[in-house]
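Please look over the sequence and the 3D structure shown below. The paragraphs after it go through the chains one at a time and then turn to what joins them.

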Amino acid sequence: MSATQPDNANKSPAHDSLVRDAGAPPAGLRVDGVALVRGGRLVQNALSLAMVAGEVTLLRGPNGSGKSTLLRTIAGRLPAAAGTIECDVPVLYIGHADGLSPALTGRQNLADWAMLNGLANDDVAIDAALDRMQARAFADLPVRRLSHGQRRRVALARLTLGPSSALWLLDEPNSGLDAASSIALDDLISDHLKGGGMVLAATHLPLGITHSPRTLVLEDMA
Amino acid sequence: MSPFEVQLRRDLRLGWAGRGDMAVMLGFFLIILTLVPLAVGPDAAFLQPIAVPMIWIAAMLSSLAGFTRIFSEDVRCGWVDQVALSPLPLPLYVIAKAATHWVIGAVPMLLATPLMALMLYMDTSHLPALLLALVLGTAALTLLGVIGAALTEGARGGGGLMAVLVLPLAMPALIFGALASAPADGGIVTPHLMLLGAVLAVLLAVAPFIAAAALSETESESGA
């Protein structure tokens, strides 16, 4: 499962922009002794995690144990109070917020995001991405008129546009999804892992993925 | 299309979709200035000397009304997270936001200014100087507003806090702007206008970085 290590080192110059901390091989994500602070309170100390291409890790733990904080920290949106995070592949982050402006259509949001990142953004690519999450039917409506689950599907369609080596950081990706979309998401994740990608997901709901996921349980620090 | 152009086009679309908010800014500007003759009386002798100062104060206050929303939607919906992970540097994102905000918010105000100047019996020979100074002044104010909006993003009562934060910093722009708008010798390019330009230049250099630093670590909706 993790045999393709050197393959990914310093790869995908086309998506250099998405690469954080490009540098020393082996490719993957290394979280070393990270402490997380949320709202002035220490929620985790000395958290360590290593992932290489083709791996999936599920974050579990009670509410407030720092799952989302860890994902945001790896995405670079929050500072780690201590420790180091190294990641030498592109990162795609889908947090609680979908990253879709309510006033624009799903298609515009998706195309803007793809253009911003220098990814394929022609109609064919966008349609294909939308189809993966069965989101094409409502992609031309302003996002504010979509339901929670529909927005989630448009947001998740973003994943298929990214580079195959990417690390996906998913925060409750299947919240609000109906059964069919959950399966579509499972397929998306399985395909990504087969293609040499990595997935780190915080989720309470089970993901029906065929790959055996590792699980990282974040304990509540009382 | 470069990432900056993508963001610029996106902001223009968003600005157009939210043009109601901007109409409120323009309406605020018109109402403040309409209240002046009602309070002071319609006498030209009273109105003429205060026309330029009142136009400046109205422009400042109504600009302030639009600032709170500059980043709030993008932060709440998570777009800022996506920008932060993209090749577009956050300072450039801030510049795109400020530029579109100025075009959509300040330009209608500038277009309405000649009419307001007439209503207040302003000396029309000063109009070009006033408009030029207002162009620079509203741009400077927008950059201050961008700093204020980014710093108070997510703070409770952000709007009021921002007014207290931004208005004192806007004093130099107001002083030089008001002086540049009524030049004594009829020349348009006065030392005051140059000082106003200097204020704008300094803000142009620092505001995008300050705002980007404030936005670099923000929480999105229920992001915890």
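Which domains does the domain assignment of chain A give? The assignment lists domain 1 (1-7 + 17-90 + 163-222) and domain 2 (98-158). Keep in mind throughout that this is a predicted model. Where the two domains of chain A meet, the contact takes 12 residues from domain 1 and 10 residues from domain 2. Sorted by class, the side of domain 1 of chain A that touches domain 2 of chain A has seven nonpolar, four polar and one charged residues.

Next comes the secondary structure of chain A. This chain has five helices and eight strands. Followed from the N terminus, its elements run β-β-β-α-β-β-α-α-α-β-α-β-β. Of the 222 residues in chain A, 49% are buried. Among the contacts in chain A with a separation of 6 or more, 72% join residues 24 or more positions apart.

Strand β1 of chain A is a good place to see how strands pair. β1(A) covers residues 29-38, and β2(A) covers residues 41-51; the two pair in the antiparallel sense over seven bridges. One of the facing pairs is A:Val37, which stands opposite A:Leu42 in β2(A). The two strands form a hairpin, with two residues between them. In that turn, A:Gly39 has a positive phi of about 55 degrees. β1(A) also pairs with strand β4 of chain A (residues 82-87), again in the antiparallel sense, here over five bridges. In this pairing, A:Val31 has A:Ile85 of β4(A) as its bridge partner. A general point helps when looking at such strands. In a regular strand, side chains alternate between the two faces of the sheet.

How many helices and how many strands does chain B have? Chain B has 10 helices and zero strands. Read along the sequence, its pattern is therefore a run of helices, α-α-α-α-α-α-α-α-α-α, and its radius of gyration is 18 Å, close to the 17 Å that the globule rule gives for 224 residues, so chain B is as compact as a globular protein of that length. Its C-alpha trace spans about 60 × 35 × 30 Å along the principal axes. Buried residues make up 49% of the 224 residues in chain B. For contacts in chain B with a separation of 6 or more, residues 24 or more positions apart account for 82%.

Now consider the two chains together. In all, 29 residues of chain A are in contact with 27 residues of chain B. On the side of chain A that touches chain B, the elements giving two or more residues are α1 (67-74), β5 (91-94) and α2 (106-116) of chain A. The largest share of that side, four residues, comes from α2(A). By class, the side has 14 nonpolar, 10 polar and five charged residues.

The last topic is the nonpolar interior. The largest nonpolar core has 138 residues, and those with the most contacts inside it are A:Leu167, A:Leu169, B:Ile55, B:Ala140 and B:Val146. Helix α7 of chain B (residues 127-151) gives the most to this core, 14 residues. Domain 1 and domain 2 of chain A both give residues to this core, so the core lies between them. For a single residue within this picture, take B:Ala140. Leaving aside its neighbours within four places in sequence, B:Ala140 is in contact with B:Ala173, B:Val199, B:Leu200 and B:Leu203.

How values were computed. Residues numbered from 1 in each chain as written. Chains lettered and ligands numbered in written order. Predicted model: local features only at pLDDT ≥ 70, side-chain atom pairs only at ≥ 80, totals over all residues. Pairing = 2+ DSSP bridges. Core = buried A, V, L, I, M, F, W, Y, C linked by C-beta atoms within 7 Å. Buried ≥ 20, exposed ≤ 12 C-beta atoms within 10 Å, placed from the backbone. Domains from an automatic or database assignment. Contact = placed C-beta atoms within 7 Å. Nonpolar A, V, L, I, M, F, W, Y, C, P; charged D, E, K, R; others polar. Rg over C-alpha atoms; globule rule 2.2 N^0.38 Å.
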